[in-house]
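Colleague: Mind if I grill you a bit on how the two chains meet? I'd like to hear what stands behind each label.

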Amino acid sequence: MVMEVDFLNILDYMLMFAFYYPLLMAYIWMGGATHYFIRWESKQHGTFMTPPTLSSYPSVSLMVPCHNEGDNVEETIQALTEQNYPNIEVIAINDGSTDNTGEILDQLATRYPRLRVVHLIENQGKAMALRMGAMASPNEYLVCVDGDALLDPNATTWMIKHLLDSPNVGAVTGNPRIRTRSTLLGKIQVGEFSSIIGLIKRAQRVYGQIFTISGVIAAFRKSALQDVGYWSVDAITEDIDISWKLQMAKWEIRFEPNALCWILMPETLSGLWKQRLRWAQGGMEVVSKYFKHLFHWQQRRMWILVVEYFVSALWAYTIIALFIIWLVIQFMPETANNLVIHKIPGTTSVALVLTCLLQFALSLFIDARYERGIGKYYYWMVWFPLAYWLLNVFTTIVGIPKALFRDRKARATWVSPDRGIRRIK
Amino acid sequence: MMENNTLIIDNSGLLSKTTLVIQAIVTLIFWCSWGYLALPLISPLTNLLGIDITYHNHFDTPLFIGLLITMILVSVYVVGTMIIWSLYNLLLHRRGRNIQKSINQTLHCDLAGYFGVKTNELSTWQQAKTLNIELSGTGSVQYVQASEMG
């Protein structure tokens with residue numbers, strides 16, 4: 001009897017944690033993002049289309065690592081050559097592509113005088129491609145863009161401003177915007193990028209450290225990269241890894257919402273699953289890689305990220321545990337009868353609905369500065385809490401063991417992702 | 001200027017009408033389920049309009065107010081802690097403002113040293129229009145062919 005009461009108490013705590021943790025995080029993200037918006041974004045004159053005037057315009061290398069990007073790389077390079085920044089060179093790194101990427105790049109190099117091409121004979125992975133790009137660049141400032149992304153013409157200026165103004169800034173991450181919106185999954189991701197990724201980046205910027213830059217669009221100071229040993233070739237998510245390396249070496253990372261970059265995202269469940277599993281695996285890999293160094297007092301600013309990461313992982317496992325317990329007690333009627341089931345509609349369901357609606361509204365209100373008409377995605381965002389949190393649970397459950405038992409010495413190479421339903425040319 | 005609307009790829013037209021209708025209806029059903037979850041809030045409003053929604057009410061007003069106060073207190077506490085944390089970070093940032101100033105430009109020889117290549121060769125490569133690079137199994141530069149100076 002005592003054991004059963006204890007079990008019910010534990011179950012009650014687990015249920016409370018499962019329910020209240022996402023709610024609490026929602027308020028933390030909303031609080032941080034609101035502060036960021038009021039403190040920085042709302043005070044800006046003009047929009048992302050009117051870039052700031054810089055004290056100087058040092059040469060910048062725009063680096064594009066490509067692997068089998070034959071369908072996309074031309075428009076990516078074209079967008080880069082149209083940057084409203086006077087001193088740029090574009091370095092495209094063809095990382096052992098097996099399609100026609102190499103030939104396309106060579107042709108483009110004859111058309112665009114500011115384009116240089118680096119061919120790696122064999123596929124070496126994105127991190128190595130970026131390292132070779134950094135080596136080939138004579139410039140101190142590097143902007144890295146994925147081979148299927150379109151950079152807004154003013155993005156370079158917005159990001160370089162941070163690197164020029166603050167010598168402690170080692171990297172600046174931009175604002176990825178989703179292009180592929182044909183399917184339900186595409187539309188849900190628009191909501192996700194607003195109400196989770198956008199809010200988290202702003203909130204983490206306010207609270208001190210950023211979990212990760214967006215690998216698809218980021219600017220770097222080369223001396224900071226040199227200081228930390230550039231991108232790790234064994235990291236499955238080189239963007240999370242470099243973010244932690246820079247911040248642990250006391251370099252600051254900024255988020256610049258005006259630096260827009262239009263990206264292709266998966267629009268199938270299997271494509272989305274693979275991408276998110278890689279993110280989950282990469283997160284755990286980085287945390288475990290640097291774990292022993294994080295106990296040093298000098299790394300105390302990173303502790304908040306570590307705590308958040310582990311509590312989120314614990315939450316994912318709690319959800320699975322609760323599901324298993326629920327299944328088991330279906331065969332134990334006596335115990336099932338003793339359980340206090342939260343009846344719906346009720347107090348907690350109202351709290352859940354109100355919080356989600358508030359989070360959607362706030363995120364779309366903030367994002368309306370960067371994309372007119374984004375409000376129409378409010379209709380599809382109703383899916384997002386279920387889709388996001390469930391996906392998060394399963395990718396965490398699968399990704400963590402994969403990260404812990406992966407061969408760390410193996411080079412992380414490219415896998416061509418699902419890029420949504422493309423335009424018919 | 002890049003027009004954002006032209007960058008968005010909405011090829012919903014490529015999906016079958018059945019798929020589109022199912023997506024819209026299922027989303028609508030989902031909204032209705034949300035409405036159901038929020039009935040304790042919605043029903044007083046519909047009552048004002050003369051529509052009486054009958055349901056088994058599990059809504060406990062004192063509990064909700066208690067929950068709301070608890071959530072607000074916890075949020076204030078957490079956000080307050082975060083603000084103190086942010087201010088602490090800001091203080092550290094200001095105190096350490098000059099720490100990295102000494103490292104403000106990557107020296108050519110340092111870059112060459114890091115990648116294990118010769119400085120004069122690196123200078124040539126950095127001016128080349130096209131580079132073909134072969135790496136060893138350990139990732140070190142094994143062979144570089146530079147062509148057409150930029």
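Colleague: What makes strand S3 of chain A and S1(B) a pair, and in which sense do they run, parallel or antiparallel?

Modeller: Bear in mind that this is a predicted model. Strand S3, residues 115–120 of chain A, and S1(B) share four bridges. Pairing takes at least two bridges, so these strands count as paired, in the parallel sense.

Colleague: Which residue of S1(B) is the bridge partner of A:Val118?

Modeller: That's B:Leu131.

Colleague: How many residues of chain B are in contact with chain A?

Modeller: 75 residues of chain B, against 92 of chain A. Being in contact here takes heavy atoms within 4.5 Å.

Colleague: And what are those residues of chain B like by class?

Modeller: The side of chain B that touches chain A has 42 nonpolar, 26 polar and seven charged residues.

Colleague: How many salt bridges does the rule find across the interface of chain B and chain A?

Modeller: Zero. A salt bridge needs a Lys or Arg side-chain nitrogen within 4 Å of an Asp or Glu carboxyl oxygen, so no pair across this interface passes that rule. Polar contacts are another matter: 31 residue pairs turn up, both residues at pLDDT 80 or more.

Colleague: What is the area buried between chain B and chain A?

Modeller: About 7500 Å², with carbon and sulfur atoms giving 66% of that. In chain B, B:Ile9, B:Trp34 and B:Lys129 lose the most area to chain A, together 10% of what that side buries.

Technical notes: Residues numbered from 1 in each chain as written. Chains lettered and ligands numbered in written order. Predicted model: local features only at pLDDT ≥ 70, side-chain atom pairs only at ≥ 80, totals over all residues. Heavy atoms only, no water. Buried area = accessible area lost by both parts, 1.4 Å probe. Polar contact = N/O pair within 3.5 Å; in protein donor to acceptor, adjacent residues only side chain to side chain. Nonpolar A, V, L, I, M, F, W, Y, C, P; charged D, E, K, R; others polar. Helix = DSSP H or I, 4+ residues; strand = E, 2+ residues; numbered from the N terminus.
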